[in-house]
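Q: Could you walk me through how to read a model like this one? I'd like to go from the whole chain down to a single residue.

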Amino acid sequence: MINVGILTGFGINADLELGQAFEMAGATPQFLPLTSLIEDSRALSGVQILAFPGGFSFGDHLGSGRVFGQMVKSRLKDEVDALLARGGLVLGICNGFQTLVKMGLLPNIEGDWTPTVSLITNDHGLFQDKWVKVRYNDKSVSPWLRDLQEADLPIRHGEGRFVTLNEQVRKDLKERQLIALTYENENPNGSQDNIAGITDPTGRVFGLMPHPEAFTSRFLHPLWRRRREVGSLGLKVFENAVDYLK
Amino acid sequence: MRVEICYARPQLDGRGAKLLKNLQASGQYPTLKAVETLDVILLDQTCGLNEASLVGVFADPVVQQGRCDGTGPSVSPLADWTLAIEVSFKAGVTDPVAITAREALGFRLQKFWPEEAVVQTAVLYLFALSSAATAAEIAQLTARLHNPLIQQAIVLNRLEWTQGRRFPDLYPVVKITSGGRAENVPLTALDEAALLKLSKERLLALTKEEMRAIQGYYLDPEVQKSRRSVGLSVEPTDVELEMLAQTWSEHCKHKIFQAEIAYHDKVTGEVTQITSLYSTFIKQTTRDLTPERPWLKSVFHDNSGVVEFDDSTLVCFKVETHNSPSALDPFGGAITGIVGVNRDILGTGKGAKPIFNTNFLCFGDPRTPADQIPSGLLPPKKVLEGVHRGIVEGGNHSGIPTVSGGFLFDESYLGKPLVFCGTGGVLPAKILGEDATVKHIEPGDLAVMLGGRVGKDGIHGATFSSLALDEASPTSAVQIGDPITQRKMSDFLLEARDLGLYKGITDNGAGGLSSSFGEMAEASNGIRLDLDLCPLKYAGLAPWEILVSESQERMSLAVAPDKIEAFLKLAHQRDVEGAVVGQFTASGFVEAYYHKTIVAKIALEFLHGGLPRMQLRAVWVPPVRHETPLGNPANLKELLLKVLADPVVASKESLVRQYDHEVQARSVVKPFCGEKADGPTDGAVLRMYPWSPKGLTVTHGVCPRYGDTDTYAMAMNAVDEAFRAHISVGGDPERASVLDNFCWPDPVESAQTPDGPYKLAQLVRACRGLRDACLAYGLPLISGKDSMKNDAVMNGKKVSIRPTLLISLMGAISDISRACTTDFLEAGDLILLLGETRPEMAGSIVEKVLGHQLPGTPTVRPRRAFAYYKTLAQALRRGLIRSSHDLSDGGLAVALAESMIGGRCGAQVTLDEIPGYFWHQATDAELLFSESPSRFLLSVAPENWEEVQKLFSGSPLSVIGVVTSSSQLIVESRGKRLIEVELDELLTAWNVLATLV
């Protein structure tokens, strides 16, 4: 049995469908309020995957994911490192991705959780809900991305513009194949190099702005009535993780 | 201490970029070159944190930097700024960012940031202008950046900055020294004039009859004896008077819908006495339908209407309005409206989880020139922007998808915008083995207030919304909702619900604790409140203010004494504040104490039953109209483009895209459909569970302009519009229920409202139309609300809204894989028109566009329509229909254009075989633009036509054309080409709002 810990609380709100997606992929989700983990983190020792769902932790005030990231980093860093040391996986979607980035767990090239990239307000300044085409990096070693080429996924964010601290980080991401997926056809938020998601050097920590958990059925695709094939479901991401851990 | 945070490099500030774009688009700031924004956090103490730590708390180390010495602007990437404006909240207004800042600071400190410490936030805007800003430009910019009702703005130009002037280290804080005790308000000896004066001065919004009834209660010797026995004066306390005014407010008691009405129809001579419109037309309609609608679970008596979804799941739905607050503070009013109606769902039964939001927003035309806006009113564009932002934040931050709704633009909404906010929820049929719709509150249970603290915000909201707006409207009536605080509370409540930690729950909305506990007390027959136990935002509130404050994010609960410890412990762990503030009793009284001294004792029977019924007069005389038939205008293409570019019809995509409509992963039919995902859909279809084909539909109907001739027809049309949209997306015709939300101009005859009897007759007729349509379609009314004072008086000029009835429908669809959308799918498909077209143009969009009155009120014939609605539902279930679009504003012509836009294809259509007995009386223009109800534009694959024809035998259905692979709309009549227009031209006209807002 594969246990997935799904963090909740403080304005996280896409937890339910993330749990459903893991369940459909064959894993057992467990919802873990961050407030409980701060008091007693033992629940984390039983999970193989730790997932940070989308939402608006702390209302995106003071920067999306920042306050939530500070809480996790200062209280649960050892537990997350232990999870990764025993071969576990970490996923962050949208606000979860923002959290992973702001606390330095992504891309974490040096392994010390120092933030080197960020996700900031979209270049047009607006929150947008729309479907985009993404291309997965076929050179990535990430278990999350196996057999994925391209897909349609919804984005729903106001702060998804990916930026790096400097050119060196930008270069490292490219050369080490840490760019997990990029926007195709259009850049919806001004992200550097069209980046929609990245992994850490092990590939086991994965974060992305689009919402694969919102595409677990063909009937959720905006063109399902017009297309016989709607392409690769977001569900595949979760199945990959479960297959890897089996 | 000021902590100022800015981006370290240029071109990273998306907030600044958006503002720059909007300002430049307005054309009002020709010399503006660049904008940069800074976040400012203001602290009165640092608790030993040094500058680097403070900046570290608030700045993103990858892209931002900060200063603590007030010189932030000098390190901003915008080196050549010439003007700085800082906007902050006024003292006492909720500042959600400051709440987060306090948490972040506490986190850095590893303990709570001191409660008494001041934490404020501000946004500092830097502008680079190529020449010095004029005083007018500065005034205009400042007005744009803030709402003086709730915010303050400070302006500094570069010269002043160079001379050493700085922004404040701290803004004023609330310091209240008055209040803190209850006062007696003598009224037993007052005459009528003095009673009315008292009502007006204290903003009680009570009539002389009502004041008389209150006086009578206090003169009752039994009451006086009971008061003396507990040490109360025979004169009411301010606590009691405020509680009565709140409970008896139009907003809470719906006095007009409960009134005794003498209705006189001058046309037919009918004279009828109606006792309560609500009982007669709304409750009775549902009662009549109950035998055939066994899935109705809990209607009218809870915070929302509840119906069965399946054996183990219930769904509920509620729509509220938040008009008056939105007129004053569009952003705050709208966001409070959203989170407020979310709480209605949380407070339904044992507590439901919100799964979708809807909204319908009515504004003046955003293009209204400034000189046509009565002074004292906000321009409609500013109202629209603020309300829209409130809806965006309210829904998105709460994690509730905004799935359905609309925008209506009409000059009559200049005085008061209408902001309808709806929420649907889900709850298990049984919770811990008990029926989830039942609350049982018993004497001895503890009264608990949960969530945010009490401040002066929203005081008199309930009574104020029961008055017309005027220049002196109280600013304390504005509250600002904080979705994040509420989300935490909502997560906690659902957890506590499933653990059985509480017995009863209701929300705190209008009227605050007075309303919530006043109503809950009926269950046990009494309550004792200890007002000093309520956690306050700041000291110094008078007891009556604590009781009626509408501070947000609060729920009221009944908790059994043996569960209270577990309840409060879990609340604390989840970072939600809860406090026991009283106890339910069986005394028959609401009793309030303040520091152990009794400050209120009112008999429940009088509080809820003592209100005298209003006696009103309604007189129906049909309005005088100057109608000229549409005839056959020469250029129908031009008319179509004009209609498409009217804001009512035009695409709202730029606004709706900003709503998260997909969180919770339920959206099967989204707000848009088609090849480029920009065609409008008729309504939303949501799946409930990933493993089940069953889903929900959500649709709306509203058509205030039809009320110009007769509100009876208007109401029938609104019901029909919502129901036909439900059918169009694939809904089950036997499984839908509706909510009614009336927004009316004041219909009570008075010196200010001499036409009250007419407006009341309009209300009576709308209620009759509502009933007739609902009975014919088998649509039970499960909840509703009314807002009856939608007038504004500014500079002596009265602006009243058009009577508006919004119908919101929640229905079932048995198989989401058969859901339908409006976009044409494939070239070669046949285009069909279902339903009769008659020359019905009164109140139509063409009438609005042309600016002169047209004849023929759109009239619903529900019995005839229902027969083919059922057939259409069957055809959709069998997969025979490729696309379905219900005809509404702009009739056939607009529906054709929209289905083409969705399909990115062409259409060739003839008007020679439009179904309907009266087609020959209609001109081509009328056939194209008539707004006859109950019609659908369908497309079917040619191979299915025969089967479709057989199925619909006897229904008004014809093939009127074919979908083409061209990019043209071609309309012909008797061999003559009437319209030939390119898809691109249609799109350009239709996308007119994309650049406006």
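**Reading chain B**

A: Happy to; keep in mind that this is a predicted model. A good start is the surface: chain B has an accessible surface of about 33,800 Å², and 52% of that belongs to carbon and sulfur atoms.

Q: What share of the residues of chain B count as buried?

A: Burial is judged by relative accessible area, with under 20% as the cut-off. By that rule, 64% of the 997 residues in chain B are buried.

Q: How does the radius of gyration of chain B sit against that of a compact globule?

A: You compare it with what the chain length suggests. For 997 residues a compact globule would come out near 30 Å, and chain B, at 29 Å, agrees with that. Along the principal axes, its C-alpha atoms fill a box of roughly 85 × 75 × 60 Å.

Q: And how many helices and strands does chain B have?

A: There are 32 helices and 41 strands in chain B. For contacts, look at sequence separation: taking those with a separation of 6 or more, 82% join residues 24 or more positions apart.

Q: How are the charged side chains split in chain B?

A: Count both signs, then compare their centres. Chain B carries 97 positive and 118 negative side chains, with the centres of the two sets 1 Å apart.

Q: Let's zoom in: is B:Thr142 buried or exposed?

A: B:Thr142 has a relative accessible area of 11%, so it counts as buried. This residue belongs to helix 5, residues 135-145 of chain B. Setting aside neighbours within four places in sequence, B:Thr142 touches B:Ile85, B:Ala153 and B:Val155.

Technical notes. Residues numbered from 1 in each chain as written. Chains lettered and ligands numbered in written order. Predicted model: local features only at pLDDT ≥ 70, side-chain atom pairs only at ≥ 80, totals over all residues. Heavy atoms only, no water. Helix = DSSP H or I, 4+ residues; strand = E, 2+ residues; numbered from the N terminus. Rg over C-alpha atoms; globule rule 2.2 N^0.38 Å. Buried < 20%, exposed > 50% of the residue type's maximum accessible area, 1.4 Å probe, protein only. Contact = heavy atoms within 4.5 Å. Areas by Shrake-Rupley, 256 points an atom, 1.4 Å probe, with all protein chains shown as cover. Lys, Arg positive; Asp, Glu negative; His and termini not counted. Charge placed at Lys NZ, Arg CZ, Asp CG, Glu CD.
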